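Student: I should like to examine this model by asking how each description is justified. Could we set each value against its definition?

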Amino acid sequence: MRKIKISESTEEIVVGNIFCIGRNYAEHAKEMQSDVPVNPMIFLKPSSSIISDGDKIIFPKISKLLHHEVELVVAIGKTAKHIPANQAKNHILGYAVGLDMTLRDLQNEAKKQGAPWTVAKGFTTSAPVSEIILAEKIKNPHDLTITCKVNGVIRQNGSTSEMIFKIDKLIEYISSIFTLEAGDLIFTGTPVGVGEVKPGDIVEAELIGYTKISHPVIAA
Ligand code: MG
């Protein structure tokens, strides 16, 4: 499902490109035994990996280790290239909570080989995303709490104030390389506490005070 609803509206957006940022929280970089990058680290997911609240996360047979990563997602509302940080706000339609579902065993193997992360990060159902909260409803996107629960137990509880590269800088950097189009999403990285999910589990992600999603995990 490539369409995402806008909260308190009948409108939807059609999702285009999905840019994802790796290691954007220092404590998470540490738990991955990775250095904090000098520039934002970017990877992509295909738009067909999007699912909506209630949809199943399908654990593909090629992996034995599926991880949750809760993230603040930025939805772009206006197409441009070379957006300066001080103009970034004008290009944001709104915010959502998402899960960057990751096949950690395949990602670790790819890291070792210097191979791309596309399979580990972009498989079908790897991108659960909530409805979009319009930007005007959120005073400060760097003062939000995002959480992930598995079977009702809290696993991740992070503040977007802890992002290494802030949203305006991410937009500036991404748009210096790629064209950022209306309908594109940016997954802004995950706070500490990533962990395993198994078939039969229920994964919930919440943007506290705004919106949440809940997804059963099933075997392929
Ligand atoms: Mg991530």
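Tutor: Of the 42 residues in the largest nonpolar core, L66, L99, I167, I171, L180 and I186 touch the most other members. The model is predicted: local features need pLDDT of at least 70, side-chain atom pairs count only at pLDDT 80 or more, and totals for chains, interfaces and linings use all residues. Residues are numbered from 1 along each chain as its sequence is written, and side-chain values use heavy atoms, with hydrogens and water left out.

Student: Why is this set of 42 residues called a nonpolar core?

Tutor: The term denotes a set of buried Ala, Val, Leu, Ile, Met, Phe, Trp, Tyr and Cys residues joined through side-chain atoms within 4.5 Å. Buried means under 20% relative accessible area, exposed over 50%, and partly exposed in between (1.4 Å probe, protein chains only). Among the elements that each supply at least two residues of this core are β3, β8, β9 and α4. A second, separate core of 18 residues includes I13, V15, C20 and I132.

Student: Which residues does I186 touch, beyond those up to four places away in sequence?

Tutor: They are F19, I21, L72, V73, V74, I76, I171, I174 and L180. Contact means heavy atoms within 4.5 Å.

Student: What makes the buried residues of α4 lie on the same side of the helix?

Tutor: Helices (H or I, at least four residues) and strands (E, at least two) are DSSP runs, numbered from the N terminus. In α4 (residues 167-177), the buried residues are I167, L170, I171, I174 and S175. They cover an arc of only 115 degrees around the axis, so they are on the same side of α4. That arc is taken from the directions from the helix axis to the C-beta atoms. These buried residues pack against β3 (18-22), β4 (41-45), β8, β9 and β15 (185-187).

Student: How do you know which residues coordinate the magnesium ion?

Tutor: Donors are N, O and S atoms within 2.8 Å of the metal (3.2 Å for Na, K and Ca); water is not among the atoms, so sites may look incomplete. E69 (OE), E71 (OE) and D100 (OD) coordinate the ion at 2.0 to 2.1 Å, and their spacing in sequence is E-x1-E-x28-D. E71 lies in strand β8 (residues 70-76) and D100 in the loop between β9 (92-99) and β10 (102-103), so this pair ties together parts that are 29 residues apart in sequence.

Student: Are E71 and D100 buried or exposed?

Tutor: E71 has 0% relative accessibility and therefore counts as buried. D100 is likewise buried, its relative accessible area being 1%.

Student: Why is D55 called partly exposed?

Tutor: D55 has a relative accessible area of 31%, so it is classed as partly exposed. D55 is found in the loop between β5 (50-51) and β6. Leaving aside neighbours within four places in sequence, D55 is in contact with S214, H215 and P216.

Student: What makes β6 and β14 edge strands?

Tutor: Two strands pair if DSSP finds at least two bridges between them. The open sheet has the order β6-β18-β17-β13-β14, with mixed pairing. Within it, β6 (57-59) and β14 (153-159) each pair on one side only. Three bridges join β6 to the parallel strand β18 (residues 211-219), and six join β13 to the antiparallel strand β14.
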